[in-house]
Number of protein chains: 2
Amino acid sequence: MLHFELLETEGRARRGRLTLNHGVVETPVFMPVGTYGTVKGVTPRSLEEMGAQIILGNTFHLWMRPGLDVLLQFGGLHRFEGWRRPMLTDSGGFQVWSLGEMRKISEEGVRFASPVNGDRLFLTPEVSMQIQTVLNSDIAMQFDECTPYETKGHVTTEDEARASMELSLRWARRSRDEFGRLANPNALFGIVQGGMFESLREESTASLVDLDLPGYAIGGVSVGEPKDEMLRIMAHTPQRLPAAKPRYLMGVGTPEDLVEGVAQGVDLFDCVMPTRNARNGHLFTRFGDLKIRNARHKADERPLDESCTCYACHGCGTSGGFSRAYLHHLDRCGEMLGPMLASIHNLHYYVNLMREIREALDEGRFDAFRRRFAQDRARGIGD
Amino acid sequence: MLHFELLETEGRARRGRLTLNHGVVETPVFMPVGTYGTVKGVTPRSLEEMGAQIILGNTFHLWMRPGLDVLLQFGGLHRFEGWRRPMLTDSGGFQVWSLGEMRKISEEGVRFASPVNGDRLFLTPEVSMQIQTVLNSDIAMQFDECTPYETKGHVTTEDEARASMELSLRWARRSRDEFGRLANPNALFGIVQGGMFESLREESTASLVDLDLPGYAIGGVSVGEPKDEMLRIMAHTPQRLPAAKPRYLMGVGTPEDLVEGVAQGVDLFDCVMPTRNARNGHLFTRFGDLKIRNARHKADERPLDESCTCYACHGCGTSGGFSRAYLHHLDRCGEMLGPMLASIHNLHYYVNLMREIREALDEGRFDAFRRRFAQDRARGIGD
């Protein structure tokens, strides 16, 4: 089940509401990434409290561990990981592609050795749909080939990108057929490919639209291409997708990328950046980014961001609200609480940024919001 | 400031109430260990929610990092780490003792090289009191020499234990004098030493009681001695300390040790076991211990302990309440949420055990509680 309602638009930017089997998602929205059935370093409670509406799970990883037998026994991923709100799963295509020389792609699917136990495995559009049906995610993604930007220094040619895009289209049809055969009660999204070539992206879009899927994603971005190439595709493809259906930009990106993506008409985003950067001491704030490892924070009594209402910055009434000095100390000592608080803060920053974007769209002031956002981020975190 | 009220007794076991500068502590109590200004793997909020009343900080570690300048700027450890309730700090003696050949002990104090940056440092009773005054802990501990059970296979002789105990007594007097000179507004505890020799423990006790300190600890246990030796000292020393003052058994122990300690008249405990074991996948439950890494848990839908009300077992209304299968999966994948949930559970187990002990003492049924506790723990976690 998927119902998408377009509430407001401003330029290409869209304010919408997505109704899924496990609940309602206000868009534009950022989806925290929960690869192995856990958003790294945070509890489901923290995610709920910061206002996360939908999280992502990785089909490939969950297939490896804990495996389908356990997930089937639990009736899907929701109960296994203790997350009651909507969930999206990818198809596993990106992960098998990332295995590099460990895998072999054919028309039928991808053969590879399990990185966990070496088992010979075969992932096809049909298998991906079968796994995602067991996971019972609210949004399943078609199995696709993620067209690389370059391979060992060789930049993908138009012919190569076309062959890859056409393979993904054939896999989209097989995904749709299998999803229907399985009577999966959730929603299947198609994925636009075509590399850095607008004409291929348009062909891919047209063919996917013919399949009349309930939503569409833009794939094959944030795969190592220069930033201007990514921005060019972001400016090209989203607006060409059906206005009445949700649009998902896969694997993007920085706070600036999210604001730009919204301006180009994107509704859903996911990225590991807030959690991964948190674990490396890279923190996002309204007034620019901050490296907590830097000695300048050693005795700084201020929170990361005085305007932030997360547990790390603001606390929860009786406790919390930590200084930069304390976070610096935790990082220096390798204490687990460091990445825990940093993950809460960064995810809260992303989730809250999207909330502010939605409020701006509700009030018809997204353009002013964008300018203010750029000014604030350029201001710096203070000395 | 310290006020101790003895509310109930049953045999040697005591139910008390300790009023300190940062609040009231119901005893017997377990103190989670927060070495570097953080109880490893849990937020202050979790500690408050599970009912932790007082936590421990390590003077030696905090002196190294973040250092006294930062702690002085924050007005002590409470504000630095965001913990508003009472706190106890050790003296640093145990940690410099643990440096082994890296340190040199003299009458004056202990010379050693900083394990963090190699600086030549000198820790004395006076320096320990100065640091603990900066930390502003509710309970400070005298600087002592922790008498080893054995050194490189050589079991400490009575003469060696006497010399060490007498040094600790001289350091107790210097600690008391410096604590007074600094006008520290908190409470200083003395530490009974004497190794495994009852007569030395009695001499140590008598001399410390002459100093009329507001509380006393039993040190030099849980330092590598056989279990029966530890139980012998636990059965000997606590009952000989002044009845009107709180008694603290340092660094002990298993759940069984805590129940035995209470039965012998101990009021305060600390131990790294709940947090350290949590990080190694060793979980405590009412019905015995559990190794989450064991393959038997792979598909087990039950919580760790069905009678437990912690976030990991029971959740918090809208989220949480995780299965053994999920915790097993997190452990296998090396996901941070694994030790996070395990730490919450183990600490909650310890804190809740002490709450149950207090309730039993309030109702005059501690003896029955002890029998039931032993039966439950022997029952096993189920197949």
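1. Start with one salt bridge across the two chains. In this predicted model, E49(B) pairs with R45(A). The closest N and O atoms of the two residues are 2.8 Å apart. With a cut-off of 4 Å, that distance qualifies as a salt bridge. Between chain A and chain B, the count of such bridges is eight.

2. Now look at the polar contacts between the chains. Here 20 residue pairs are in polar contact between chain A and chain B, with both residues at pLDDT 80 or more. Which helices of chain A supply at least two residues each to the side that touches chain B? They are α1 (44–50), α3 (68–73), α4 (77–81), α13 (324–332) and α14 (337–362). Of these, α13(A) gives the largest share, with five residues.

3. Next comes the make-up of that surface. On the side of chain A that touches chain B, 20 residues are nonpolar. Another eleven are polar, and 14 are charged. The contact draws 45 residues from chain A and 45 residues from chain B. Together the chains bury about 4,300 Å² between them. Carbon and sulfur atoms account for 55% of that area.

4. Do the copies meet through the same surface or different ones? The same: 100% of the interface residues of chain A are also interface residues in chain B, so one surface serves both copies.

5. The symmetry is worth checking by eye. Chain A superposes on chain B after a rotation of 180 degrees, with 0.0 Å of shift along the axis. The RMSD of that fit is 0.0 Å. The two copies are therefore related as by a two-fold rotation axis. Which C-alpha of chain A is nearest the axis? That of M336(A), at 4.2 Å from it.

6. Turn to the aromatic rings. Over all chains, a search of the whole structure finds 28 aromatic pairs. One to find is F284(B) with Y349(B). Their ring centres are 6.2 Å apart and their planes lie at 20 degrees, so the pair is stacked. F284(B) sits in strand β18 (residues 282–285) of chain B. Y349(B) sits in helix α14 (residues 337–362) of chain B. The pair links distant parts of the chain, 65 residues apart.

7. Salt bridges also deserve a count over the whole structure. The search finds 62 over all chains. One to inspect joins the side chains of E108(A) and R174(A), at 3.6 Å from N to O. E108(A) lies in the loop between β8 (103–105) and β9 (110–113) of chain A, and R174(A) in helix α7 (residues 158–181) of chain A, so the bridge ties together parts 66 residues apart in sequence.

8. Check the backbone before a proline in each chain. A cis peptide bond joins T27(A) and P28(A), with omega about 0 degrees. P28(A) is found in the loop between β3 (23–27) and β4 (29–31) of chain A. In chain B, T27(B) and P28(B) are also joined by a cis peptide bond, with omega about 0 degrees. The loop between β3 (23–27) and β4 (29–31) of chain B holds P28(B).

9. One last backbone point concerns D212(B). What is the sign of phi at this residue, positive or negative? Phi is positive, near 55 degrees, and the residue is not a glycine. To find D212(B), go to the loop between α8 (198–211) and β15 (215–218) of chain B.

Terms used. Residues are numbered from 1 along each chain as its sequence is written. Chains are lettered from A and ligands numbered from 1 in the order in which they are written. This is a predicted model: local features need pLDDT of at least 70, side-chain atom pairs count only at pLDDT 80 or more; totals for chains, interfaces and linings use all residues. Side-chain values use heavy atoms; hydrogens and water are left out. Contact means heavy atoms within 4.5 Å. Buried area is the accessible area (1.4 Å probe) that two parts lose on being put together, summed over both. A polar contact is a pair of N or O atoms within 3.5 Å; within protein, one must be able to donate a hydrogen and the other to accept it, and residues adjacent in sequence count only if both atoms are side-chain atoms. Helices (H or I, at least four residues) and strands (E, at least two) are DSSP runs, numbered from the N terminus. Ala, Val, Leu, Ile, Met, Phe, Trp, Tyr, Cys and Pro count as nonpolar, Asp, Glu, Lys and Arg as charged, and the others, Gly among them, as polar. Copies are superposed by least squares on the C-alpha atoms of residues with pLDDT of at least 70 in both. Rings of Phe, Tyr and Trp (its six-membered ring) pair if their centres lie within 6.5 Å; planes under 30 degrees apart count as stacked, over 60 as edge-to-face and the rest as tilted.
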